[in-house]
Amino acid sequence: MTAKHIPYKIYLSEEEMPKAWYNVKAHMKTQHPPFLNPATQKPCTRDDLAAVFCDACIEQELNETDERIAIPQGILDFYRMFRPSPLVRAYYLEQLLDTPAEIYYKFEGNNTSGSHKLNSAAAQAFYAKEQGLTSITTETGAGQWGTALAMAAAFYGLHLDVYMVKVSAEQKPYRREVIRTYGANVIPSPSDTTAAGRKILREFPGTGGSLGCAISEAVEKAVSTPGCRYVLGSVLDHVLLHQSVIGLESKAALEKHGLRPDIVIGCMGGGSNFGGLIAPFMGEKLDGKNEIDFIGVEPASCPSLTRGKYVYDFCDSAKITPLAKMYTLGCGFMPSASHAGGLRYHGMSPVISQLYHDGFLRAVALEQTRVFDAAVKFAKCEGILPAPESAHAICAAMDEALRCKREGKKKVILFGLTGTGYFDLAAYKQYNDHTMTDTIPTDADLEKGFASIPDFPVNQGLL
């Protein structure tokens with residue numbers, strides 16, 4: 001297959017859109033350990049989870065056997081507004097790098113939310129409505145998830161409260177206004193509207209917040225409000241399941257031209273887009289059918305996989321959520337106010353954590369200024385201004401393409417371009433003004449976060 005036979009954009013038809021999600025857990029030889037009830041330190045039951053999450057999401061969360069889980073028609077009807085999304089051959093980036101590698105990116109920014117987040121937002125809002133709920137709550141970092149969920153909540157007729165990480169609410173006021181335009185209530189977090197928020201404000205006065213803080217407030221609001229549940233945009237298994245449409249479409253588009261990736265790259269905050277992008281390819285790797293190099297990219301300012309510990313930890317800062325076995329910097333870790341707001345989470349998806357622990361993928365951590373260097377180069381040659389989160393994947397893809405050039409190897413590289421950066425202009429202004437800096441936590445900084453990890457017997461090897 002010569003390059004001239006591959007179009008710049010590869011589209012699937014509406015009929016080719018996936019009709020079922022892909023559950024990679026059905027192929028995992030080692031399942032991640034179960035969530036634990038913090039009060040009993042025993043595996044969470046459905047009843048434990050039912051006070052927080054929608055019933056259908058709980059069923060998906062606990063499903064370890066079914067490879068394919070049908071997408072309800074009510075969700076497919078929503079997906080038709082923005083899916084399938086294009087797979088793009090990055091010809092101009094290849095020319096810039098003078099690399100023998102073929103570079104492809106799956107572009108998830110062609111919807112008002114500007115990101116992949118709408119894939120799970122639509123699903124979770126649909127299930128909440130189907131269950132007869134009247135309202136939902138959530139957290140958001142950069143605001144892409146909050147925007148996506150506001151769109152879905154408006155479509156399905158649900159009230160939504162969004163706890164937005166305070167530093168992001170300040171950096172991205174217009175993202176906040178998009179969320180409000182769709183009818184959602186936005187509360188900068190930590191706030192004085194919840195007990196969790198007030199506690200965090202006392203302990204960390206002046207803090208810009210974190211995703212862990214915002215999760216605490218959203219969960220508290222959900223469990224104390226009748227007819228309400230908490231929904232989230234990353235980390236948990238059912239969110240990765242919903243995002244598998246990204247990988248399924250990517251795989252189908254590549255196969256149209258007889259292509260198979262050698263390297264698949266995605267940015268990582270909680271793991272949703274990376275988990276969704278790699279899902280069908282990883283399933284084949286787990287079955288011994290490929291040797292793809294999977295690379296997850298995280299910010300050096302919040303390096304949960306590359307410098308974290310693989311232990312049970314709370315998913316939120318106030319320690320009210322179930323405990324998850326994951327790579328974590330500690331639920332009390334407060335990341336620096338980097339511009340990749342969606343990647344500032346202290347932990348990592350249990351699925352991604354298990355796959356990383358078992359050696360099926362690798363991780364790299366990149367400094368903010370390097371990431372923005374790559375983002376600007378990409379914008380100038382490919383015509384899309386990427387979100388800071390997505391730019392992490394771009395930077396790593398460029399590194400791998402240059403490695404191919406040095407080694408004289410032609411490889412097929414696929415990365416996820418998860419969103420656009422048009423609400424991140426404050427970050428680009430700082431980059432253009434040469435005032436952007438890199439904040440990388442010291443070992444002493446990390447130890448403060450590790451000190452917040454619960455000292456339970458399960459983390460001492462006693463259970």
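Trainee: Which helices each supply at least two residues of the lining of the second largest cavity?

Mentor: A cavity is a set of points, on a 1 Å grid over the protein atoms alone, where a 1.4 Å probe fits but cannot get out, and its lining residues have an atom within 4 Å of a point. Helices are DSSP runs of H or I with at least four residues, and strands are runs of E with at least two, numbered from the N terminus. Here α2 (55–61) and α10 (211–223) each supply at least two lining residues, and α2 gives the most, with three residues. This is a predicted model, in which local features need pLDDT of at least 70 and side-chain atom pairs count only at pLDDT 80 or more, whereas totals for chains, interfaces and linings use all residues. Residues are numbered from 1 along each chain as its sequence is written, and side-chain values use heavy atoms, with hydrogens and water left out.

Trainee: How many cavities does a search of the whole structure find, and how much space lies in the second largest?

Mentor: The search finds four cavities of 30 Å³ or more. A volume is the space filled by probe spheres set on grid points, which are joined across faces, edges and corners, and for the second largest cavity this comes to about 180 Å³. Its lining has 18 residues, of which F53, L232, L236, C315 and P322 are the closest to the centre.

Trainee: How do the residues of that lining divide into nonpolar, polar and charged?

Mentor: Ala, Val, Leu, Ile, Met, Phe, Trp, Tyr, Cys and Pro count as nonpolar, Asp, Glu, Lys and Arg as charged, and the others, Gly among them, as polar. On that basis the lining of the second largest cavity has 15 nonpolar residues, two polar and one charged.

Trainee: At what angle do helix α15 and helix α16 pack?

Mentor: Two packed helices are described by the angle between their axes and the distance between the axes. Axes are lines fitted to C-alpha atoms over the stretch in contact, and angles run from 0 to 180 degrees between N-to-C directions. Helix α15 (residues 368–382) packs on helix α16 (residues 388–407) at about 85°, with the axes 8 Å apart. The two are therefore roughly perpendicular, the term for 65 to 115 degrees, while under 35 is roughly parallel, over 145 roughly antiparallel and the rest oblique. By class, their contact (heavy atoms within 4.5 Å) has ten nonpolar, one polar and three charged residues.

Trainee: How far apart are the axes of helix α5 and helix α11?

Mentor: The axes of α5 (residues 118–130) and α11 (residues 237–255) lie 8 Å apart, at an angle of about 130°, and these helices are therefore oblique to each other. Among the residues that meet are A123 and Y127 in α5 and H242 and I246 in α11.

Trainee: Which residue has a positive phi although it is not a glycine?

Mentor: D98 has a positive phi of about 50°, and D98 is found in the loop between α4 (91–97) and β5 (102–107).

Note on methods
1 Å grid on protein atoms, 1.4 Å probe; cavity = no way out; pocket = protein on both sides within 12 Å on 5 of 7 lines; lining within 4 Å.
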